[in-house]
Amino acid sequence: MTADTRKAGERALVLKLDRWLIPTAVVVYLLNYIDRVAVTAVRLQGLEQDLGLTTVQYETILAILYATYCPMQIPSKMTQLRPSIYIGACVVGWGLTSALTGVTTNFSGMMACRVFIGVPESIAAGILTKMQGILGLSAWRWLFYIKGAITMAFGFLTMWLLPDFPHNTRWLNTAEHHLSQVRLAEDAGEADKDSDNLILTATLGFSTTITLLMAFLLLTQCMACRVAMLGYIISLSTMAMGGRYFSLFLMTSGYCGFALTLTWVANTIPHPPAKCTAALGLVNGFGNLSNL
């Protein structure tokens, strides 16, 4: 394969992977958060009254999800199953659990659903305002039924859409399988090479400008966390609507630091796969520990 042929092949391969992987991952991520926070959207629609929950019990329901979510990060990432099948099954599983949340009648049932769910809100608003009393059911129950059904349907679709490994992704041809494996092998080999005569920042293998930009990103990560901390402090310090609403925007900036940390770890520990997945599991687990 000539250099030009390979360059064109790699460009086509990356584009194909992006077309399949990125939209699917984005939708899965959104569904995950929608189902995870649905219990907060239904609080004002009779959830506590119907189930007879106290304030402490409601707060416990919010937090208990992370009792399984955090410690399961590493075991889940170390599975040997095909990624498309495993991730798709997880999506179906949490969709089913979300749907079953709608049939709960007490605190214990809700707790069980939240524990197992650990292993676009305008949708929520429409359901909560239009479906109250239909078939004799509260709107908050319909929210869990509909969201769960949507998630389960997309979970089965995910099993077909997501790629697996370079050698067995079903929608890549033989040449693309081979090129994918070669690219990974070369990338791993380059990551092992350092030069003894370079300064510390230059051993990353980037130009001075890019190295400085990377350093700025790490600084931004720390800044994002501090801004989020400021948001929490403001929220705790005032009951004024304007101040508390503004604090929410500051809190969300913390996710920028979290995303940058995951990206940094993934590129710092690219191989072997087991080590990389364990590191990502630790970061994701500890990153969500504060929710518990």
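Cys70 counts as buried in this predicted model, because its relative accessibility is 9%, below the 20% cut-off. Cys276 is buried as well, since its relative accessible area of 12% also falls under 20%. The chain's disulfide count comes to zero. Here is a friendly tour of the rest, from the overall fold to the cores, the spaces and a couple of individual residues.

**Overall fold**
- The chain has 13 helices and zero strands, so reading along the sequence gives the pattern α-α-α-α-α-α-α-α-α-α-α-α-α.
- Of the 292 residues in the chain, 33% are buried.

**Nonpolar cores**
- The largest nonpolar core holds 14 residues, and within it Leu47 and Trp140 touch the most other members.
- Helices α1, α2 (47-51), α3, α6 and α8 (139-161) each contribute at least two residues to this core.
- Setting aside neighbours within four places in sequence, Leu47 is in contact with Val39, Val42, Tyr58, Met110 and Trp140.
- There is also a second, separate core of 11 residues, with Leu65, Tyr69, Trp94 and Ile117 among them.

**Thr101 and the second largest cavity**
- Thr101 sits in helix α5, and it counts as buried because its relative accessibility is 5%, under the 20% limit.
- Beyond residues up to four places away in sequence, Thr101 touches Met110, Cys113, Trp140 and Phe144.
- Thr101 also helps to line the second largest cavity, together with Asp35, Val39, Ser98, Cys113, Arg114, Ile117 and Phe144.
- This second largest cavity encloses about 40 Å³ of space.
- At least two of its lining residues come from each of α1, α5 (83-101) and α6 (107-116).
- Sorted by class, the lining of the second largest cavity is made up of four nonpolar, two polar and two charged residues.
- Some of these names link back to the cores: Val39 is a contact of Leu47, and Ile117 belongs to the second core.

**The second largest pocket**
- About 1,600 Å³ of space lies in the second largest pocket.
- The pocket is lined by 38 residues, of which Tyr232, Leu248, Met251, Tyr255 and Asn291 are the closest to its centre.
- Five helices, α1 (3-41), α3 (55-69), α10 (208-237), α11 (241-252) and α12 (254-268), each supply at least two residues of the lining of the second largest pocket.
- By class, that lining comprises 21 nonpolar, 12 polar and five charged residues.
- Helix α1 is worth following by eye, as it supplies at least two residues to the lining of this pocket, to the lining of the second largest cavity and to the largest nonpolar core.

**Gln181 and its surroundings**
- Gln181 is found in helix α9, which covers residues 174-191.
- With a relative accessible area of 40%, Gln181 is partly exposed, because that value lies between the 20% and 50% limits.
- Gln181 touches Pro166 and His167 when residues up to four places away in sequence are not counted.
- The C-alpha atoms of Gln181 and His167 lie 6.9 Å apart in space, while the two residues are 14 residues apart in sequence.

Key:
Residues are numbered from 1 along each chain as its sequence is written. This is a predicted model: local features need pLDDT of at least 70, side-chain atom pairs count only at pLDDT 80 or more; totals for chains, interfaces and linings use all residues. Side-chain values use heavy atoms; hydrogens and water are left out. On a 1 Å grid over the protein atoms alone, a cavity is a set of points where a 1.4 Å probe fits but cannot get out, and a pocket is an open set with protein on both sides within 12 Å along at least five of seven lines; lining residues have an atom within 4 Å of a point. Grid points are joined across faces, edges and corners, and a volume is the space filled by probe spheres set on the points. Helices (H or I, at least four residues) and strands (E, at least two) are DSSP runs, numbered from the N terminus. Ala, Val, Leu, Ile, Met, Phe, Trp, Tyr, Cys and Pro count as nonpolar, Asp, Glu, Lys and Arg as charged, and the others, Gly among them, as polar. A nonpolar core is a set of buried Ala, Val, Leu, Ile, Met, Phe, Trp, Tyr and Cys residues joined through side-chain atoms within 4.5 Å. Buried means under 20% relative accessible area, exposed over 50%, partly exposed in between (1.4 Å probe, protein chains only). Contact means heavy atoms within 4.5 Å. A disulfide is a pair of cysteine sulfur atoms within 2.5 Å.
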